[in-house]
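Let's take a friendly walk through this chain, stopping at a few places along the way. Keep the viewer open so that you can follow each stop.

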Amino acid sequence: ISGTISNPGPRKSLPKILYTRLLLYFPEFIWAVVGAVWVSDNSVQCEKTVINGVIGTVIASWIIIVFTVIGVVIVFDPLGGKKTFYLPEGVSRNLESSQSGQLLYNVKSSATRVWEKRIRLLCCCIVQDDDHRVAFTSIAELFRSYFSDTDLVPSDIAAGLILLHQEQDKMENCPKEPEEVLCHSPSSLVTDDLDVELENAAHYMLFAAAAYGWPYYVYTNPYTALCKLNGDCCRNRPTDSDITGSDRHNFHFGSILKITGLQYRDFIHISFHNKIYEIPFFVALDHKKEAIVVAVRGTLSFEDILTDLSADCEDLTLEEVLENGFVHKGITQAANYIYRKLINDGILNQAFTIAPEYKLVIVGHSLGGGTASILAIMLRNSFPTLRCYAFSPPGGLLSKSLADYTKHFIVSVIVGKDLVARLSMPNMEDLKRRIVRIVANCNRPKYQILLRGCWYEVFGGDPDDFPTELDGRNQDALTQPLLAEESLMVHRSPSYNALEEEPHLNSPPQYPHLYLPGKIIHIVEECSSRRLCSSDIKYTARWSNETVFSSILISPKMITDHMPDVVLKALNSLSQEHGSCLSC
């Protein structure tokens with residue numbers, strides 16, 4: 001309760017109390033074991049009320065012990081004081097020597113192993129092969145490099161996000177950024193183009209949502225989905241050669257039929273096969289739009305999460321394409337897998353044999369949107385007229401040259417303050433810098449920040465005006481980190497280069513900037529009086545650019561704005577509004 005996040009001095013005796021409390025868990029554990037043995041002994045003759053009370057006490061004791069162990073495993077940092085070796089002052093302490101260099105290498109290796117063990121523990125339920133082990137190491141290295149320079153616990157991060165959200169809400173009343181303001185009235189040609197693309201996006205979003213199979217169908221129809229699927233599970237199933245992967249009880253395919261409204265004969269190929277870097281997709285004939293649609297599924301499994309987190313950059317080299325550049329490694333490998341299936345297995349040849357006059361359209365949501373975008377780049381030379389609709393794709397996907405190249409054939413659709421569309425390593429570094437800065441500069445105790453923040457998130461109201469150490473400082477002083485801010489940084493991270501007086505201009509950035517693909521349609525809600533209310537929401541859409549998504553925005557809807565049902569609802573609302581305007 002005493003002190004602030006960056007001033008733990010008044011709480012210096014708290015670690016001793018915590019260690020003492022930790023020692024008391026050993027007799028509690030022994031007592032819980034004795035209680036469990038006593039409860040399981042049928043020969044004990046006691047009143048039923050006493051036995052029930054003892055059973056409840058034993059169960060409560062075991063619940064507390066289990067949650068304590070889980071909390072220690074998650075929160076405890078095995079590296080401890082070893083992080084101090086990351087300090088840049090180590091250079092002046094002869095870090096160039098082989099002994100110091102070896103020590104620094106050992107500390108980094110230990111941190112990577114700690115993160116790798118955590119990831120393996122979280123993914124213990126999936127079969128692990130060589131691809132998984134390589135992905136675990138790559139992701140562990142990513143987490144190690146990101147978290148090694150801070151001294152923040154999860155509650156500090158939560159307090160920082162609360163403060164950032166309230167600060168952001170204050171700024172929303174200020175004039176908009178230049179990118180968000182149209183300097184001139186849009187021409188009718190631009191408006192018509194937007195309306196056409198919104199109508200197409202609303203249509204193709206059904207295919208992107210259908211790729212999720214029965215989980216999406218049950219989620220959007222919780223009361224009737226299972227009954228409908230049970231009634232159709234044995235009907236309209238294509239031949240086994242058309243389906244790869246497991247689809248027990250035909251639920252996935254039945255859901256795809258329900259969502260898209262297609263017939264089973266309209267499907268060329270369906271793959272439910274799911275491994276790391278190998279994600280499900282289907283190919284179908286869309287007679288309404290006269291298109292061959294390749295729909296790629298988004299994140300729905302641990303394997304998909306590993307593909308998302310394999311965020312290293314790699315070169316995309318394509319013949320006859322001059323705009324080669326960096327791409328997201330994991331998503332590119334997933335696109336390579338689907339590309340090989342479509343071309344080498346003759347799936348697209350089969351589709352165009354059936355409908356040679358149809359055009360090729362590739363769609364996907366989230367991870368599927370990113371994969372569809374890179375797949376479209378790979379297929380562009382062979383199919384010059386193809387179109388791609390990427391719904392809520394990851395932000396850190398393509399380098400600037402490739403993002404500009406894709407503006408001719410890819411349309412990205414982003415709703416509101418979608419977190420995933422703003423996710424990239426530079427944006428995450430910027431978010432970390434902002435959290436450290438605002439947390440270090442706040443003079444209120446953490447419990448007050450958390451309590452008032454929870455009230456604000458749930459019930460709304462005016463943002464709190466927390467006093468900070470920034471108050472009264474001149475503009476030049478604001479560019480320098482405070483002592484409290486530096487106390488939360490174990491070493492100066494790449495995100496702090498902007499705060500240094502003389503940044504190392506010749507050193508390359510640790511994480512290159514990657515951007516959203518294609519032309520971007522940004523859909524935002526019109527102001528509503530109630531928070532977190534999804535009824536009677538009106539949406540507006542406009543063409544945007546990648547710079548608008550160069551910073552992560554904190555909002556209660558930063559996750560829900562990414563959900564496929566929210567994206568589909570927004571697109572349908574805009575499409576119906578446009579249709580009603582035309583009828584008028």
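Over residues 22–39 the chain is 94% helix and 0% strand, and 26 Å separates the C-alpha atoms at the two ends. This is a predicted model, so please read every value here as computed from it. The same stretch appears in an unreviewed UniProt entry, which lists residues 22–39 and 51–76 under "transmembrane region".

Next, move along to helix α12, which covers residues 329–344. Its 16 residues reach 22 Å from the first C-alpha to the last, close to the 22 Å expected at 1.5 Å a residue. Which residues of α12 are buried? They are Gly330, Ile331, Thr332, Ala334, Ala335, Tyr337, Ile338 and Leu342. After α12 comes glycine 346, with a positive phi near 70°.

Positive phi also turns up in residues that are not glycine, and two of them are worth a visit. Glutamate 290 has a phi of about 50°, and it sits in the loop that links β3 (281–286) to β4 (291–296). Serine 392 likewise has a positive phi, near 50°; its loop lies between β8 (387–391) and α15 (400–405).

Now look at the surroundings of these two loop residues. Is glutamate 290 buried or partly exposed? Glutamate 290 counts as partly exposed because its relative accessibility is 46%, and that class runs from 20% to 50%. Serine 392 has a relative accessibility of 0%, so it counts as buried, the cut-off for which is under 20%.

Key
Residues are numbered from 1 along each chain as its sequence is written. This is a predicted model: local features need pLDDT of at least 70, side-chain atom pairs count only at pLDDT 80 or more; totals for chains, interfaces and linings use all residues. Side-chain values use heavy atoms; hydrogens and water are left out. UniProt positions are given in the numbering used here, feature names are shortened, and annotations may be inferred rather than shown by experiment. Helices (H or I, at least four residues) and strands (E, at least two) are DSSP runs, numbered from the N terminus. Buried means under 20% relative accessible area, exposed over 50%, partly exposed in between (1.4 Å probe, protein chains only). The expected span of a helix is 1.5 Å times one less than its number of residues.
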